[in-house]
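Visitor: Could you walk me through this structure?

Guide: Happily; let's have it in view and begin with a sheet.

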Amino acid sequence: MKTGTIKQILLITDGCSNQGEDPIAMAALAKEQGITVNVIGVMEQDVIDDQGMREIEGIALSGGGVSQIVYAQQLSQTVQMVTRKAMTQTLQGVVNKELQQILGGGKTVEDLPPEQRGEVMEVVDELGETVELDVLILVDTSASMKHKLPTVKEALLDLSLSLNARSGDNRFSVFVFPGKRNDVEKLLDWTPKLESLTSIFAKLTTGGITPTGPALREALSYFNKKRSLRSLLSRDDESFFEESV
Amino acid sequence: MMMNPSLKNLCKVIPGTIIQGKWHHNRYTIIKELGFGANGIVYLARYNNSQVALKMSDNGMSITSEVNVLKSFAKVQGSALGPSLLDVDDWERPGKMVSFYVMEFIKGPDFLTFLQQKGPDWTGVMVLQLLADLQLLHENGWVFGDLKPDNLIVTGPPARIRCIDVGGTTLQGRSIKEFTEFFDRGYWGLGSRKAEPGYDLFAVGMIMVNTAYPKRFNKVSGGIGEIIGKVKQSPNLKRYETVIFNALTGKYHSAREMREEILQIHQPDTYSRSRRQQQKTTSGNQGRQQQRTTTGKQGQQRSTANSPMSHSMAANGTARQTRNSYNKKKSKKSSSLLETVTIIIVISVLYFVYIYSQIT
């Protein structure tokens with residue numbers, strides 16, 4: 001079975017949006033385009049209020065992804081776990097769709113006896129190991145995130161370490177919001193390695209509002225831009241990758 | 001880590017609840033909760049008057065994944081690493097179906113508690129047992145992944161180490177799915193998260209460190225120096241320093257290699273003792289190491305001088321002297337050569353004298 005690339009947006013934030021479009025609607029829009037939105041809420045001593053909590057869960061729910069609220073110390077493990085979990089979910093969705101066509105009558109993996117489920121799971125595992133993965137990371141840099149940023153950086157380096165152990169290709173890009181001039185600013189273009197983050201993150205300035213909705217919208221359009229560009233160059237692109245490997 | 005609230009609520013079951021499977025119709029009575037991990041909750045349950053462990057999760061796929069691992073463990077002959085699988089089924093709760101599997105209930109204290117009760121003498125023995133199991137697991141193409149004292153239970157007597165959580169077990173060559181930072185070489189900046197034997201051996205090294213630092217410690221900047229610094233500070237770890245260093249820096253290619261080096265650390269004492277006994281009684285019958293020593297031949301020892309095995313193989317005659325200085329391979333080699341040459345010279349001189357005396 002040949003699957004396309006898995007596309008994810010990973011939103012790291014510590015509270016509620018306060019400007020622009022409804023982020024939950026933007027996440028739903030992403031899902032419609034086949035992009036999963038995962039959200040991680042980072043706490044320190046402060047606790048995320050009810051409203052923020054609801055928004056975080058809402059974004060992940062309508063974005064077809066996974067959400068998790070963690071203390072900053074546990075961020076590294078959570079980032080990789082959430083990404084992996086969402087990836088497996090997506091793949092399960094794909095496999096389930098195939099199964100429904102084979103079995104008919106809206107049956108899913110859960111309707112199979114446990115003995116046969118194991119074989120399906122092996123397919124999902126195998127796909128999770130080999131499929132291409134694009135993750136666009138969206139980091140909240142509003143004032144309250146200031147002292148959490150070093151931890152975020154660590155977590156992202158750790159994520160690239162985890163995912164690069166897979167045999168499939170990964171590409172990451174990193175955006176922060178609010179940006180210096182716009183709602184969103186690009187920190188890092190598509191790259192398989194996140195090591196270059198170390199120097200960029202040190203220079204980051206924090207402050208201002210939290211335009212989560214506009215940030216998600218921008219991220220989406222960036223995904224689309226890349227897709228159209230790639231479809232133009234797809235042949236060359238692939239051969240280039242093979243050569244470089 | 002904060003759990004998904006949905007997971008906790010769905011799988012929370014009060015003692016006394018009867019769980020009946022949808023497919024195989026077995027009935028299990030929940031006795032109490034044993035613990036919970038990232039993928040579900042484990043309960044102690046009763047089935048036909050015997051105690052079993054039952055793990056359930058609302059994420060059916062993670063249950064299926066673990067069942068796959070346990071099934072393939074069952075095919076490995078003689079492996080006692082994971083619990084044996086008894087049943088897999090679904091439990092239909094109103095509103096939501098919960099997948100579960102039933103396994104053998106492994107009773108005993110966890111690794112660190114056991115060592116606290118019995119003392120540090122047991123560290124070596126337990127690690128040796130663990131490495132023997134890992135060797136078997138690796139030979140069958142798996143890597144344990146999330147290896148840590150919390151997942152290790154010591155049953156007995158006789159004391160036997162067992163693993164209880166196979167959620168992190170991964171096929172070799174894939175990427176590690178689940179890990180705990182302290183035992184993860186990626187976290188310390190000492191390697192990748194690719195599933196290979198060295199990944200587990202790193203974790204074994206850290207488990208040994210953990211025995212001296214039960215509360216563990218956090219990374220400051222990462223790297224080997226930081227951990228070895230802690231090892232040097234601990235009197236109980238001092239004898240294992242080289243082994244830990246090698247395990248953490250990926251020097252071992254297999255669990256067997258690491259195992260043999262630990263055996264060697266425990267050897268020198270047994271050695272001198274067994275040698276004295278050997279001199280009294282010619283038939284060596286005093287335990288495992290002893291038996292191995294008597295099978296060794298001098299010639300074998302020469303040819304395998306670079307392998308750690310050679311140290312444990314005893315040799316009669318000339319090589320005996322060299323054992324005292326076996327830590328330094330170089331000096332050992334040259335001294336044994338010197339010895340041989342001396343003996344040959346002495347014998348030829350004696351022989352020459354003998355021939356000469358015969359002639360005259």
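Visitor: What is the strand order of the open sheet in chain A?

Guide: This is a predicted model, in which local features need pLDDT of at least 70, side-chain atom pairs count only at pLDDT 80 or more, and totals for chains, interfaces and linings use all residues. Residues are numbered from 1 along each chain as its sequence is written, with chains lettered from A and ligands numbered from 1 in the order in which they are written. Strands are DSSP E runs of at least two residues and helices H or I runs of at least four, numbered from the N terminus. The six strands show mixed pairing (at least two DSSP bridges between two strands), and their order is β3-β2-β1-β4-β5-β6.

Visitor: Which are the edge strands?

Guide: Look for strands that pair on one side only. These are β3 (64–71) and β6 (185–191) of chain A.

Visitor: Which residue of β4(A) is the bridge partner of A:K7?

Guide: Strands β1 (residues 6–13) and β4 (residues 133–140) of chain A run parallel, joined by seven bridges. In β4(A), the partner of A:K7 is A:D134.

Visitor: Why do the buried residues of α3(B) line one face of the helix?

Guide: In α3 (residues 111–118) of chain B, the residues B:F111, B:F114 and B:L115 are buried (20 or more other C-beta atoms within 10 Å of their own, C-beta atoms being placed from the backbone). Seen down the axis, they line one face because the directions from the helix axis to their C-beta atoms fall within an arc of 95°.

Terms used
A residue is buried if 20 or more other C-beta atoms lie within 10 Å of its own, exposed if 12 or fewer, and partly exposed in between; C-beta atoms are placed from the backbone.
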